[in-house]
Amino acid sequence: RRIYQVITDLAGQGVTVLWYSTEVEELVRYTHRTLVLYRGRIARDLSGAALTAEAVVGAAVGGTAEAAA
């Protein structure tokens, strides 16, 4: 769990952190913005209240914004 603290501290200092993960809950908990890829392209750019597990999974399987809401 130390790695999460290091990443959080760096982000708090304004450092950009590029993070690849397939763990949806990890993305929702630790990121401010998540780009979801589907078939090699950005399917959704999620941040703030829109960054939910449901929205990430919906975009990852090719769902639309409306279906993820």
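Analyst: Let's start with the ground rule for elements: helices (H or I, at least four residues) and strands (E, at least two) are DSSP runs, numbered from the N terminus. The model is a predicted one, its residues are numbered from 1 along each chain as the sequence is written, and side-chain values use heavy atoms, leaving out hydrogens and water. Local features need pLDDT (the predictor's confidence in each residue, from 0 to 100) of at least 70 and side-chain atom pairs 80 or more, while totals for chains, interfaces and linings use all residues.

User: Which elements does the protein have, and in what order?

Analyst: You get 4 helices and 2 strands, running α-α-β-β-α-α from the N terminus on. The C-alpha trace spans about 35 × 25 × 20 Å along its principal axes.

User: How do you know which element has the lowest mean pLDDT?

Analyst: By comparing the means: helix 4 (residues 65–68) sits at the bottom with 48, and helix 3 (residues 53–60) at the top with 96. Overall the mean is 89, with 91% of the residues at 70 or more.

User: Why is I3 called exposed?

Analyst: I3 has a relative accessible area of 52%. Exposed means over 50%, buried under 20%, and partly exposed in between (1.4 Å probe, protein chains only). So 52% puts I3 in the exposed class. As for its place, I3 is in helix 1 (residues 2–12).

User: What makes the patch with I3 a nonpolar one?

Analyst: Its members are I3, V6, L10, V15 and V17. The rule takes residues with over 30% relative accessible area and no salt bridge; like charges are joined within 9 Å, and nonpolar side chains (Val, Leu, Ile, Met, Phe, Trp, Tyr) within 5 Å. Ile, Val and Leu are on that nonpolar list, so the name fits. The patch covers about 350 Å², with areas from the Shrake-Rupley method, where for residues only the protein chains shown count as cover. For the whole protein, the accessible surface is about 5200 Å², 54% of it belonging to carbon and sulfur atoms.

User: Is S21 buried or exposed, and how do you know?

Analyst: At 16% relative accessible area, S21 falls below the cut-off for buried, so buried it is. S21 is in the loop between helix 1 and helix 2 (24–30). Across the protein, 25% of the 69 residues count as buried.

User: What makes the S21–E26 pair a polar contact?

Analyst: A polar contact is a pair of N or O atoms within 3.5 Å, one able to donate a hydrogen and the other to accept it within protein; residues adjacent in sequence count only if both atoms are side-chain atoms. The S21 and E26 side chains meet at 2.4 Å, inside that limit. The S21 side chain also reaches the backbone nitrogen of E23 at 3.0 Å.

User: Why does T31 count as buried, and what does T31 touch?

Analyst: T31 has 17% relative accessibility, so it passes as buried too. Setting aside residues up to four places away in sequence, T31 touches W19, E26 and L51, where contact means heavy atoms within 4.5 Å. T31 lies in the loop between helix 2 and strand 1. One of its polar atoms, on the side chain, is 2.5 Å from the backbone oxygen of L27, and the T31 and T34 side chains make a polar contact of 2.8 Å.

User: Why is R33–D45 called a salt bridge?

Analyst: The definition wants a side-chain nitrogen of Lys or Arg within 4 Å of a carboxyl oxygen of Asp or Glu. In R33 and D45 the closest N and O atoms are 2.7 Å apart, so the pair qualifies. R33 is in strand 1 (residues 33–38) and D45 in strand 2 (residues 41–47), so the pair ties together parts 12 residues apart in sequence. The structure holds 1 salt bridge.

User: What makes D45 partly exposed while R33 is exposed?

Analyst: D45, at 42%, lands between the two cut-offs, whereas R33, at 54%, clears the upper one. R29, in helix 2, is exposed as well, with 64%.

User: Which residues of helix 3 are buried?

Analyst: A53, A55, V56, G58 and A59. Just after helix 3, G62 takes a positive phi of about 90 degrees.

How values were computed. Areas by Shrake-Rupley, 256 points an atom, 1.4 Å probe, with all protein chains shown as cover.
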